[in-house]
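Open your viewer and get ready to click along. We will begin with one term, then take in the whole chain, and then visit some charged pairs.

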Amino acid sequence: MWACRYLSQDGRLTNVELAKRVGLTPPPCLRRVKRLEEAGIITGYRAVIDPEALGRGLEVLVDVEVIATDRKTFEDFENTVASYEEVIECRRMYGRPDYFLRVAVADHAAYEAFLTGKLSGLPAVLRLESHLTMKKIKAND
């Protein structure tokens, strides 16, 4: 979509600036953006926060395999994990692992406390594998 690229790079663009970039006058540009919002293509606007500034500079990717096969256990696991402040993303995967988590904490000690105090104690957890990033090459968040 013509405006999505610009808005995804800078959600604070004014309508006038966006119109200039896409080669429209402001009124039709605004109408098109409104249509994109109404169609659910643009789902929101947000601020990108520096995790270091919030004291959550260590991000760990965690593969989780669960032992359960019944729906209730999966739902309980998902609801519990989604409630943890440290978990910034949770995905149920096809195949292995069953879940992929992004966890943001202050440091290694905070991650160890999260892992041993919360995540590894969940009844459905069979196996956890942690991955620490050496270098972030590209991120769209």
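A residue counts as buried under 20% relative accessible area, as exposed over 50%, and as partly exposed in between. Keep in mind as you go that this is a predicted model.

**Stop 1: a pair within one helix**

Select Glu17, which is partly exposed because its relative accessible area is 26%, between the two cut-offs. Now add Arg21, also partly exposed, with a relative accessible area of 39%. Their side chains meet in a salt bridge, with 3.0 Å from N to O. Color helix α2, residues 15-22, and you will find both Glu17 and Arg21 in it, 4 residues apart, or about one turn of the helix.

**Stop 2: the whole chain**

Zoom out and switch to a cartoon view. The chain holds 5 helices and 4 strands. Trace it from the N terminus and the elements come in the order α-α-α-β-α-β-β-α-β. Draw a box along the principal axes: the C-alpha atoms fill roughly 60 × 35 × 25 Å. The radius of gyration of the chain is 20 Å, whereas a compact globule of 141 residues would have one near 14 Å.

Next, color by accessibility. Of the 141 residues, 28% count as buried. Turn on a surface and you are looking at about 9900 Å² of accessible area, 53% of it belonging to carbon and sulfur atoms. If you list contacts between residues at least 6 apart in sequence, 61% of them join residues at least 24 apart.

**Stop 3: the charges**

Select the charged side chains: there are 21 positive and 21 negative charges, and their mean positions lie 11 Å apart. Side chains of opposite charge can pair when their charged atoms come close. How many salt bridges does a search of the whole structure find? It finds 14.

**Stop 4: a pair across two strands**

Select Arg102 and Glu89, which form a salt bridge with their closest N and O atoms 2.8 Å apart. Arg102 lies in strand β3 (residues 99-105) and Glu89 in strand β2 (residues 87-92), so this pair ties together parts that are 13 residues apart in sequence. Are these two buried or exposed? Arg102 counts as buried at 15% relative accessibility, and Glu89 is buried too, at 19%. Now add Glu59 and Arg91 to the selection: Glu59, Glu89, Arg91 and Arg102 are linked in a network of salt bridges.

**Stop 5: one last pair**

Finish at Arg127 and Glu129, whose salt bridge has its closest N and O atoms 2.9 Å apart. Arg127 counts as partly exposed at 32% relative accessibility, and Glu129 counts as partly exposed at 34%.

Terms used
Residues numbered from 1 in each chain as written. Predicted model: local features only at pLDDT ≥ 70, side-chain atom pairs only at ≥ 80, totals over all residues. Heavy atoms only, no water. Rg over C-alpha atoms; globule rule 2.2 N^0.38 Å. Buried < 20%, exposed > 50% of the residue type's maximum accessible area, 1.4 Å probe, protein only. Contact = heavy atoms within 4.5 Å. Areas by Shrake-Rupley, 256 points an atom, 1.4 Å probe, with all protein chains shown as cover. Lys, Arg positive; Asp, Glu negative; His and termini not counted. Charge placed at Lys NZ, Arg CZ, Asp CG, Glu CD. Salt bridge = Lys/Arg side-chain N within 4 Å of Asp/Glu carboxyl O.
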